[in-house]
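Me: I would like to go through the empty spaces in this model with you, and to ask for each one what earns it its name.
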Amino acid sequence: PHSPEAAAEFVSAAESVRALAAGGTVPLVHAGMDSFVGLFAAEEIWSRDLAAELRGGERPAVLDAVTLMRRVTHALASLHGAGLVHGALRPEVIALGEASGLEQPLVADLLGRAARRATLRPVPAAPYDAPEAAAAPAPAPAEDVFACGAILFQCLVGRPPGPEAAHARLSELCPDVPVPLALEDAVRRALAPDPRDRPADIEELETAIARALTDLTAPAGSSARPTELGRYT
């Protein structure tokens, strides 16, 4: 750590994460400050992650992608409710191990951003980072909202979002995939460059994703409202 205060902040964050034991997160086995190795965090290991699933432009089925991100947003809501922010969400930290999968993902690396802040190591820029992240002294919940939108965009389109993603129509970017209107709206709002234009919190994004999931799973002829699938209703 670059200072005793930074070490104390990291240890405090570790204690909060361990006490929370939020569902949908990889368990934190141990973390703290050691006189020999410095700051450390140990999590349960997993066999694969979402990045491996998406490698080479592979895309999961829309229903799988929406189910996955609903569970990820639910796990993040638990973190945010305890005053914690992930701050470095990317496909590499969404675990799809033997005990999880596309239906039961686990959010990992809960202390990665805290460790980098405490040691003054820069966070490598990625398309999953909100525009304001580089200048922010500490991660904010709006950054996790943006990252969820970026990961969902990649699951649907097959590539990470670029600057145009907040204005692009998913139904045009992936015309071979039926994209419910509720899902397109949720992704576009989550990727807004201005955090004030994004969903107010992760719970609002989770609700929007749940609405899209309802659209995708409603049986034909049911009383559910009409579903927009690209240019079809």
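Reply: A cavity is a set of grid points where a 1.4 Å probe fits but cannot get out, and a residue counts as lining when it has an atom within 4 Å of such a point. The model is a predicted one.

Me: What makes Met69 a lining residue of the second largest cavity?
Reply: Lining requires an atom within 4 Å of a point, and Met69 is listed with Cys148, Gly149, Leu152, Ala186, Val187, Ala190, Leu205 and Ile209 as lining the second largest cavity, so Met69 has an atom within 4 Å of a point there. The elements giving two or more residues to this lining are α5 (141-157), α7 (181-190) and α8 (202-217).

Me: Why does the lining of the second largest cavity count one polar residue?
Reply: By class the lining has eight nonpolar, one polar and no charged residues; Gly is counted as polar, so Gly149 is the polar one.

Me: How do you know that the largest cavity belongs in the count of cavities of 30 Å³ or more?
Reply: The cut-off is 30 Å³, and two cavities reach it; the largest cavity holds about 40 Å³ of space. Among the residues lining the largest cavity are Arg90, Asp129 and Glu143, and the lining divides into six nonpolar, one polar and three charged residues. Because Asp, Glu and Arg count as charged, these three are the charged ones.

Me: Why is the space of about 320 Å³ called a pocket?
Reply: A pocket is an open set of points, whereas from a cavity the probe cannot get out, so the name pocket says that this space is open. The volume of the largest pocket is about 320 Å³, and of its 19 lining residues the closest to the centre are Arg113, Pro122, Val123, Ala133 and Ala134.

Methods: Residues numbered from 1 in each chain as written. Predicted model: local features only at pLDDT ≥ 70, side-chain atom pairs only at ≥ 80, totals over all residues. Heavy atoms only, no water. 1 Å grid on protein atoms, 1.4 Å probe; cavity = no way out; pocket = protein on both sides within 12 Å on 5 of 7 lines; lining within 4 Å. Points joined across faces, edges and corners; volume = space filled by probe spheres on them. Helix = DSSP H or I, 4+ residues; strand = E, 2+ residues; numbered from the N terminus.
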